[in-house]
Each structure stands twice: as C-alpha cells, then as structure tokens.
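Here is a short tour of one protein chain, written to be read alongside its sequence and coordinates. Take a moment to look at the fold, and then follow along.

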Amino acid sequence: MKTFFKTILLFYVAVLLPMVIAAAELKYDIALRDSILANVTGASVSRNRVSILRYGAKGDGVTDCRSAFEKAMKEAEKKGGIQITVPAGVYFMDGPLSLKSNVCIDLEEGAVLKFTPDPKKYPVVDTSWEGTYLHNYSPFIYGYGLHDVAIVGKGTIDGNAMATFATWKPKQKPAQMRSRDMNHSGMQISERMFGEGDWLRPHLIQFYDCRNITLEGVRIINSPFWCVHLLRSENVICRSLRYDAKLVNNDGIDPESSRNILIEDIYFDNGDDNIAIKSGRDNDGWSADSPSENIVIRNCHFKGLHAVVIGSEMSGGVRNVFIEDCDYAGYCKRGIYIKTNPDRGGYVKNLYVRNCRFDEVEDLFYVTSKYAGEGLDNDHFSEIENIYVNGLNCNRALQAALVLQGTKQKPISNVFFDSIYVGDAEIGVSFSNTENVSVGECHIGGMVDVPTQVTSKDNLFNR
C-alpha cells in the first residue's frame, strides 16, 4: 500500500503539479500588449486639404461623384498626399471607389457616400472570399498595395445593397464550393475567376496588402457582405466607428492575415460577427503562412451575432490577441467564440481577455476544435493554447457559461480563468479534451454566502 501511495505522489509531483503550475503562472502580458500598441500608429495624414466640391462632386444624391473622387486621387499622387473633405450631402457613387496612397477622406457630419446597388458597375478584382484568394466583384471601397490611407469623420458610408447583393446568399453555394475546391487543389489564383452569375457578394471596405491605415468615426450601413476587411495588412487603427449593418453576413471588422491592429471605442450593431479574426482557409492559409497577430480590442460596445470570434478560417494561425474593457450594447449570441476543426489546422495562441461584460448570451466563452462537426475524419488538428481570462461577466447564459472542446489528438492547453461571474446558466462548465486548466474565483448561477446554521428542522431524527 505504501508503494502505491508513493507511486501516486511521484506521479503528482512529476506530471500533474507542473501542469497546474503552468496554467496558474499564465499572466496578463501587459508588456506584450504595450509593445503592440507602440507599433500601431495608423495613417500619416497630409495637411493639404481640398473639398471634393472642387472636383465637380454634388451632394444631391443623384449626380455620379465617382469621377470627382478619381480626379482627387490623381491630384494626391501628384502632390504626394491630400486630405479630401466631403461636406454634408448625399454623394452617389456609380461604382467602386479605388483608393490611392497618402489620401485621407474626411466625411463631415451629414455627408453620405451612397453606392450603386447595380452589380454590373463593380469590375472583377484581386480579392478573397471566405478565406480563399480569388477574383471577384470589387469591394465598394478598395485599397490594394497602398500606404497611409485614412477614412475619418462623422459622416456615413451606405452600401445601399438591400435590393441586390443582400438577396444573393441562397444562390451562392455552387460558386462557394467551387472556390473551396480551387483552394484545396492549389489552383493558381490568377485562374480563380468569379463574377456575374456566381453570386459571391463583395465586401464594403477592403484593404489588401496595405499598411498605415486609419478608419475613424464614420457610420457604416447596408453593407453587401463583410463591412471592413483587413486582408494581409498592417499598422491599422479602427476607432469610434458606428454600425447599423444588419443585412446578410454583415461582419463588422474582419482582420485576416493582418498584424499590429488597434480596434477601440467601436459601437457595433451588426447582422453577424462584430469582430472576426481570420488567417485564410485550409490550403491558402497554410501556404501563405501569414498569421493574424498583435491585435488589441478595447472599450468596444458589442451588439449582434457574436462579439469577438477567432475562426473558422484561421489556417494560417492567430496569436497575441487582447480583448479588454468591453461591454454590451444589446444581445449577443456568443461573447467570445473560438472556432476551428480538423479541416483547418493552424493555431490560436496567446489570447488575453480582461474586464468584459455581457447581458444575455447563448454562450459566454466558447472554444471548440469541432466547429460545425466538420473535418472529424481529417487530420489537420489545430493547436489552441495559452488562454487567459480574468474578469468576464454576463447576467444570463441561455446555454453555457464556459466551454472548452479540444480533440484527443490536440487538447486545448494552458487555460486560466479567474473572476468569472454569471448570474444564471443552463450549463456552467463543459470541458473536454483539455490540459492544464486553472480556475480561480468563479461564480456561475449566483454566489454562495456563508453556510446556514443547523436548526431543528435539519435534525434527521425529527424527519
């Protein structure tokens, strides 16, 4: 018997104790967060201010103002930079706005950029769709290979996509699956052509291979698909944006294979994910080897489907993400949601969550390596590790408070929970295929006070 207990003790000391210590020693890495913030400056803006009216634009909601913006862009190239002011009025755009470097568009209060809903006005360009690189309809505001670009002000960007693009989702499946087949087969991107008849909706705003970007203050409505797509871009500030984007798949901000990003003071109200961090789908993600990394999300107000999502197109990996001091403006289906499956591979490492509060959710904190039950016969298991959560609250979780679903091949590892408060939950904790999980102060379904004293009613002999 002594030998048995000695063996158990040695196993605890050699195996279990280091695992417990590893999770307990995971700290909120302030130094890493501050080093990220030090590298995020956004766009350098020219002092040369010119009104868009000078180039022939009219804010009457009828006149096509696209040529006026094109003239302003050419002047920016000549002068090495320009700040275009857009006074109050409705400026109709009969096609996409193709940006240039060293341009700042200042949409003043009352100014609206309103885009045509006619698909024929959007040419096919180099872009991506749900994590697969291809050629498709141009985003309504498109920046490719640029630097130092800003869109600021209190005005509105109106995708005006209700009557056309917003109706396309039921027709997209054949092209969607064809794009994934091209991805898996490694077809050359130049041969992946989509457009008329394929029903793949374009993004509202996309920055592709860009650096030094600022989006600040503007209101975003009626997007054809994802609202702001940051693709292979770096040094980006998204600040004080306001959303009323409830059409189909109107994600708020999608950083994909991008780095050094600050997202702060945003008021979300979206018909899909508020923030969805991605890094490419399957073969395109693995071959590009371009993770999304160094992202700070703070002081945001969530409302929509899910607040912050990582995945499911995250095959290139996601690391160093901070979510802090955020709250709710309304219902969210899930608060923090990490989703991947054995089709994806990749990794999620170094996720830090601190001081975030929700009202009613379906699930508060949900991490799954079995998203949609797909890929379970595949072998691209994702690595999910180093998750720190300190200060996460909600009034009610209709389904579950804390969920960790790893796989036997790659368990979720090194997770730390503390200061978790959930008023009511159908399921408090559901952990499967995990390693090194530490739980500190945690109250789900209320907080238990001091135990009651024994009374005569508790006496078994009186029953």
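How many bridges join strand β12 to strand β15? There are three, and the two strands, residues 156-158 and residues 219-221, run parallel. One of the partnerships is that of aspartate 158 with isoleucine 221 in β15.

## How far to trust the model

Please keep in mind that this is a predicted model. The chain averages a pLDDT of 93, and 93% of the residues score at least 70. Among the elements, strand β13 (residues 205-208) has the highest mean pLDDT, 99, while helix α1 (residues 2-24) has the lowest, 44. Over residues 1-21 the pLDDT is below 50, and this stretch has six contacts in the model beyond near neighbours in sequence. Where pLDDT is low, predicted coordinates should not be read in detail.

## The six-stranded sheet

Strands β12 and β15 belong to an open sheet of six strands, ordered β2-β4-β7-β12-β15-β18 and paired in parallel. At its edges sit β2 (60-64) and β18 (242-244), each of which pairs on one side only. On average, neighbouring strands of this sheet are turned by 20° against each other, with direction ignored.

Helix α3 (residues 66-79) lies across three of these strands, β2, β4 (89-93) and β7 (111-115). The helix runs at about 85° to β4.

## Strand β13 and its partners

The strand with the highest mean pLDDT also has parallel partners that we can name. Strand β10 (residues 141-144) pairs with β13 over four bridges, and glycine 143 has phenylalanine 207 as its bridge partner in β13. Strand β16 (residues 228-231) likewise pairs with β13 in the parallel sense over four bridges; here tyrosine 208 is matched with leucine 231.

Which way do the side chains of β13 point? Ile205 and Phe207 go one way, Gln206 and Tyr208 go the other, and all are buried. In a regular strand the side chains alternate between the two faces of the sheet.

## Aromatic rings and charges

The structure holds 25 aromatic pairs. One of them joins tyrosine 337 and tyrosine 366 edge-to-face, at 5.6 Å centre to centre and with 75° between the planes. Tyrosine 337 lies in strand β24 (residues 318-339) and tyrosine 366 in strand β25 (residues 347-368), so the pair ties together parts that are 29 residues apart in sequence. Both partners are on the inside of the 20% limit for burial: tyrosine 337 is buried at 7% relative accessible area, and tyrosine 366 is buried at 16%. Elsewhere, ring pairs link Phe115, Tyr122, Tyr137, Phe140, Phe165, Trp168 and Trp199 into a cluster.

Two charged side chains sit over rings as well. The charged end of lysine 349 is placed over tyrosine 347, 5.0 Å from the ring centre, and that of arginine 354 over tyrosine 28, 4.1 Å from the ring centre.

## Backbone details worth a look

Most residues other than glycine have a negative phi, and most peptide bonds are trans. Where, then, is the peptide bond that is cis? It runs from glycine 311 to serine 312, with omega near 0°, and serine 312 has its place in the loop between β23 (301-311) and β24.

Aspartate 265 has a positive phi, near 60°. This aspartate lies in the loop between β20 (259-264) and β21 (275-277) and is partly exposed, at 28% relative accessibility. Asparagine 436 also has a positive phi, of about 60°, but its place is in strand β29 (residues 434-439), and at 18% relative accessibility it counts as buried.

Definitions and conventions
Residues are numbered from 1 along each chain as its sequence is written. This is a predicted model: local features need pLDDT of at least 70, side-chain atom pairs count only at pLDDT 80 or more; totals for chains, interfaces and linings use all residues. Side-chain values use heavy atoms; hydrogens and water are left out. pLDDT is the predictor's confidence in each residue, from 0 to 100. Contact means heavy atoms within 4.5 Å. Two strands pair if DSSP finds at least two bridges between them. Axes are lines fitted to C-alpha atoms, for helices over the stretch in contact, and angles run from 0 to 180 degrees between N-to-C directions. Rings of Phe, Tyr and Trp (its six-membered ring) pair if their centres lie within 6.5 Å; planes under 30 degrees apart count as stacked, over 60 as edge-to-face and the rest as tilted. Buried means under 20% relative accessible area, exposed over 50%, partly exposed in between (1.4 Å probe, protein chains only). A charge sits over a ring if NZ of Lys or CZ of Arg is within 6 Å of the ring centre and within 35 degrees of the ring normal.
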